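Dear colleague,

I am handing over the structure below, and I would be grateful if you could look through it before reading my notes. The notes follow directly after it.

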Amino acid sequence: SVLDEHNLLCSDILKLLPWAARYSVHPLGDVVQAALPVYLRSTDDATPVLTEFWRLKKQEVTRSDPQAQNDVLETLKRAPKQLQLYHLLQNAEESLDAEALNALTENWRAPAKALLEKRLIETFVKPALLKQDKEITTAPMLHDEQTDAIKRIEAHRQQHAVHVINGITGSGKTEIYLALCESMLADNRQILVLVPEIGLTPQLTQRFLERLNATVVVLHSAMNDKQRYAAWHAAANRQAQLVIGTRSSIFTPLPDIGLIIVDEEHDGSYKQQDGFRYNARDLAILRAKNNNIPIVLGSATPSLETLNNINEQRYQVHYLKQRANKKPLPKIELVNPVSYTH
């Protein structure tokens with residue numbers, strides 16, 4: 001029988017996996033399995049976890065006849081809870097899920113059921129994507145080194161190039177990431193941001209949500225299998241514009257991928273140490289090459305491999321030698337170990 005109407009993995013992932021299998025001398029079947037969400041490997045039901053939303057029926061939203069609106073309100077006059085819920089959905093800019101409705105009112109499910117039966121509202125499901133519900137904050141004033149790095153990377157945005165942002169702690173590497181993401185989102189391209197540790201994910205995600213008008217999903221091992229599959233599915237179906245995740249996120253299908261960012265590229269956490277051994281940073285570079293898109297590696301202390309590629313002029317380097325907040329660097333004293341007696 002036909003299991004799937006479409007490939008679960010997009011073409012660039014299918015191109016990446018055989019190379020990774022050959023390079024690591026690992027069975028191709030195991031490599032392909034590692035690229036699939038655990039949820040797809042352990043169940044016959046491949047339905048993603050979706051969140052239920054409520055909204056006015058479309059004819060109610062577009063209805064401009066005041067008399068018709070009055071008729072609806074007259075119908076609900078003797079049902080104050082239904083009327084309250086109707087007004088909440090009417091005044092909402094977008095559809096509301098259970099969490100949002102719980103925050104706005106109590107005991108709303110019975111009125112919602114009644115409004116559904118009266119065909120005044122409707123319910124639908126979609127992936128739960130992260131999106132800033134507050135006003136987007138403006139970017140701070142960038143210093144000359146940041147501006148120069150952005151201009152030089154933007155000059156190669158339509159072709160493959162490896163850019164290294166070698167910046168001291170507090171030099172504003174994240175602001176460069178955000179500026180590049182804004183440009184890519186304006187072209188309706190998707191972005192993959194790799195981080196080495198789960199602990200860095202919430203902080204970075206909040207920064208991106210505060211600054212970018214984009215739908216975001218996160219992928220890391222602290223999420224359960226259903227949550228990870230929902231995020232994976234949203235990215236594969238172009239519902240998520242920005243993916244932030246740890247090393248296994250390199251295998252996330254992104255049909256419109258336009259930029260890859262690897263934060264703290266030197267970190268050893270990007271290396272899978274057992275089973276199918278791979279370095280997510282290296283696979284990210286290869287994936288960017290296969291898609292003819294730029295990739296940005298950020299670090300205050302680049303790895304030896306990256307430094308060698310800079311010296312060999314394979315990578316373009318952008319130095320950030322000053323702190324964005326103008327604070328002085330910590331004082332460092334070099335101690336001669338010979339002077340100590342053991």
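Two strands are taken as paired if DSSP finds at least two bridges between them, and the strands themselves are DSSP runs, numbered from the N terminus. Please keep in mind that this is a predicted model. With that in hand, Val 162 can be placed opposite Ile 295 in β9. The pairing concerned is that of strand β4, which covers residues 161-167, with strand β9, residues 294-299; these run parallel and are joined by 6 bridges.

Both strands belong to an open sheet of 7 strands with parallel pairing, in which the order is β6-β7-β5-β8-β9-β4-β10. At the edges stand β6 (216-219) and β10 (316-320), and because each has a single partner strand, one side of each is left without a neighbour in the sheet. From one strand to the next, the twist averages 15°.

Helix α10, made up of residues 173-186, packs on this sheet and touches β4, β5 (190-194), β7 (242-245), β8 (257-263), β9 and β10, while its direction makes about 170° with that of β8.

Helix α10 also appears in the account of the interior, where the count comes to 1 cavity of 30 Å³ or more. The largest cavity has a volume of about 40 Å³, and its lining consists of Ile 153, Glu 154, Arg 157, Leu 180, Met 184, Leu 259 and Pro 294. At least two residues of that lining come from each of α9 (144-154) and α10; by class, the lining has 5 nonpolar and 2 charged residues, with no polar ones.

Finally, the structure holds 11 salt bridges. One of them is formed by Glu 122 with Arg 55, whose closest N and O atoms are 2.8 Å apart. Since Glu 122 lies in strand β3 (residues 121-126) and Arg 55 in strand β1 (residues 51-56), the pair ties together parts that are 67 residues apart in sequence.

With best wishes

Terms used:
Residues are numbered from 1 along each chain as its sequence is written. This is a predicted model: local features need pLDDT of at least 70, side-chain atom pairs count only at pLDDT 80 or more; totals for chains, interfaces and linings use all residues. Side-chain values use heavy atoms; hydrogens and water are left out. Helices (H or I, at least four residues) and strands (E, at least two) are DSSP runs, numbered from the N terminus. Axes are lines fitted to C-alpha atoms, for helices over the stretch in contact, and angles run from 0 to 180 degrees between N-to-C directions. Contact means heavy atoms within 4.5 Å. On a 1 Å grid over the protein atoms alone, a cavity is a set of points where a 1.4 Å probe fits but cannot get out, and a pocket is an open set with protein on both sides within 12 Å along at least five of seven lines; lining residues have an atom within 4 Å of a point. Grid points are joined across faces, edges and corners, and a volume is the space filled by probe spheres set on the points. Ala, Val, Leu, Ile, Met, Phe, Trp, Tyr, Cys and Pro count as nonpolar, Asp, Glu, Lys and Arg as charged, and the others, Gly among them, as polar. A salt bridge is a side-chain nitrogen of Lys or Arg within 4 Å of a carboxyl oxygen of Asp or Glu.
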